[in-house]
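Here are a few notes from my pass through this one, jotted down as numbered points. Have the structure open while you read.

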Amino acid sequence: MKKAAAAGVAVALSLAAAGCGAGSGSDKSVVTLWMYPVISDQAKNQAFWSKVEKDFETANPTVDVKIDQQPWEGRQEKVTTALVSKKGFDLVVLVPDQLPQYAEQGTIEAVDDVVAPDKAAYLPNALTGLTVDGKLYGVPIYQTITAPIYNKKLFAEAGVDKAPETLAELKEAAPKLAAEKVAVLDYPGKPEVSLNQSFYPILWANGGSVFATDGKSVAFNGPEGVESLQLLLDLKAAGGLPENTASKGNDIEGGALASGKTAMYHAATALQADQLGAAIGAENVGIGLPLEGKKRIAFGIPGALVLAKHAENKDAAKKFAAYVASPAVAAELAAESGFFPARTDVTVPGQTESSKEFAKSLQYAFPGDTHPKARQVMGVLAPHIQAALLGKEDARTALDAAAKEADQLLGGS
């Protein structure tokens with residue numbers, strides 16, 4: 001990882017020295033893309049993007065595309081530095097919660113015109129998540145989704161005919177599985193786990209939100225938030241959560257779900273479903289729709305190509321972004337990465353049955369409550385949820401204390 005980071009920095013420095021717009025004596029328009037390992041296999045990742053670059057340049061001989069492979073580590077800091085210094089890239093892959101701060105700074109360019117010709121083909125939730133103040137700031141190239149995964153055998157052995165499909169059914173099933181010394185929900189209360197894959201999906205299902213409509217204060221301590229945290233505390237009291245729930249992560253391999261000590265994880269990825277299958281047998285793994293409260297909703301984010309305001313060859317950059325988002329390229333990217341297309345007119349070659357099951361939840365995808373300080377607020381809230389799970393605070397006290405700190409962080413702005 002350190003070697004990869006060093007290589008990325010070296011490349012970034014060389015690009016900064018050369019500039020990312022001019023063609024170094026060539027008449028070609030240079031477009032630099034900072035790409036990240038969305039394809040986890042390094043060799044496949046390199047091969048895929050090399051082909052994308054070659055194919056585009058063959059069809060567009062006046063454009064010179066440079067795809068700079070970057071590590072995930074330190075992404076936020078490096079992107080911010082590049083945008084402020086106006087050097088490093090023309091296009092970069094970002095997700096919804098990173099956009100508001102850059103849009104506010106005026107360092108990224110709206111790309112509504114890139115998506116407009118095929119707008120109806122994109123997942124509506126993907127476009128909504130990439131929109132700030134009515135302007136689209138990202139061209140979606142892939143989509144993630146989470147959904148419940150569960151151990152069919154454990155539910156059957158506890159006399160539960162079907163896995164819970166609602167929050168009420170989850171609570172109802174808890175004592176039945178507890179009688180078999182199994183926790184119904186593999187809840188990861190460790191503060192380092194993103195709340196998007198722990199508390200927030202329950203909050204959203206209950207009709208709650210993290211921020212108030214105007215974004216100047218938080219709303220997670222409203223009735224919906226208290227109801228959501230109380231559900232977790234009630235589950236814990238009924239033996240429905242792991243004993244170490246306040247400190248456990250959401251790793252499947254070597255975890256409680258894989259060892260048969262818990263029965264369901266409500267916000268898993270397709271990769272985690274495969275990991276569970278490897279541990280307990282694929283035939284014993286169930287994949288459900290997002291647990292329903294007042295509504296059915298799941299965390300899922302689009303990955304998008306974002307255009308830097310300082311890009312010199314904007315037309316060429318937009319043309320390349322449209323190419324990467326095209327059905328043919330999107331289909332291959334989904335096949336190689338294990339993620340999903342961000343559009344509905346794409347057929348993924350060789351898609352597994354488990355991926356097809358996860359795809360059913362795409363219609364419920366929600367990228368989270370976007371706000372320039374969304375990640376900081378998450379860092380404030382998570383320890384208080386942990387305190388409640390440890391029995392140190394009740395639901396109302398925990399959320400009110402977190403809200404007080406979060407509102408001070410927001411500063412009324």
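1. A cut-off to start with: a residue counts as buried when its relative accessible area is under 20%. Keep in mind, too, that this is a predicted model.

2. With that cut-off in hand, look at strand 10 (residues 262-268). Of its 7 residues, 7 are buried, so the strand is largely enclosed by the rest of the structure.

3. Where does strand 10 sit in its sheet? The sheet is an open one of 4 strands, and the order reads 9-10-8-11, which puts strand 10 between strand 9 and strand 8. The pairing is mixed, and from one strand to the next the twist averages 15°.

4. Now the edges, which are taken by strand 9 and strand 11 (285-287). Each has a single partner strand, so one side of each is left without a neighbour in the sheet.

5. On the strand 8 side, the pairing is antiparallel: strand 8 (residues 147-151) is joined to strand 10 by 3 bridges. If you want a residue pair to click on, try Ile149, which stands opposite Tyr265 of strand 10.

6. On the strand 9 side, the sense is parallel, with 2 bridges between strand 9 (residues 183-185) and strand 10. Ala183 has Thr262 as its bridge partner in strand 10, while Leu185 stands opposite Met264.

7. Which helix lies across strand 9 and strand 10? That would be helix 8 (residues 167-178). Helix 8 runs at about 160° to strand 9.

8. Moving on to a helix pair: helix 15 (residues 374-389) packs with helix 16 (residues 395-410) at an angle of about 165°, and their axes are 9 Å apart. Angles over 145 degrees count as roughly antiparallel, so that is how helix 15 lies relative to helix 16. The crossing of these two helices is right-handed.

9. What makes up the contact between helix 15 and helix 16? Helix 15 brings Gln376, Val377, Val380, Leu381, His384 and Ala388. Facing them in helix 16 are Ala398, Leu399, Ala401, Ala402, Glu405, Ala406, Leu409 and Leu410. Sorted by class, the contact has 11 nonpolar residues, 2 polar and 1 charged.

How values were computed. Residues numbered from 1 in each chain as written. Predicted model: local features only at pLDDT ≥ 70, side-chain atom pairs only at ≥ 80, totals over all residues. Heavy atoms only, no water. Axes fitted to C-alpha atoms, helices over the stretch in contact; angles between N-to-C directions. Parallel < 35°, antiparallel > 145°, perpendicular 65-115°, else oblique. Left-handed = near helix turned anticlockwise from the far one by under 90°. Contact = heavy atoms within 4.5 Å. Nonpolar A, V, L, I, M, F, W, Y, C, P; charged D, E, K, R; others polar. Buried < 20%, exposed > 50% of the residue type's maximum accessible area, 1.4 Å probe, protein only. Pairing = 2+ DSSP bridges.
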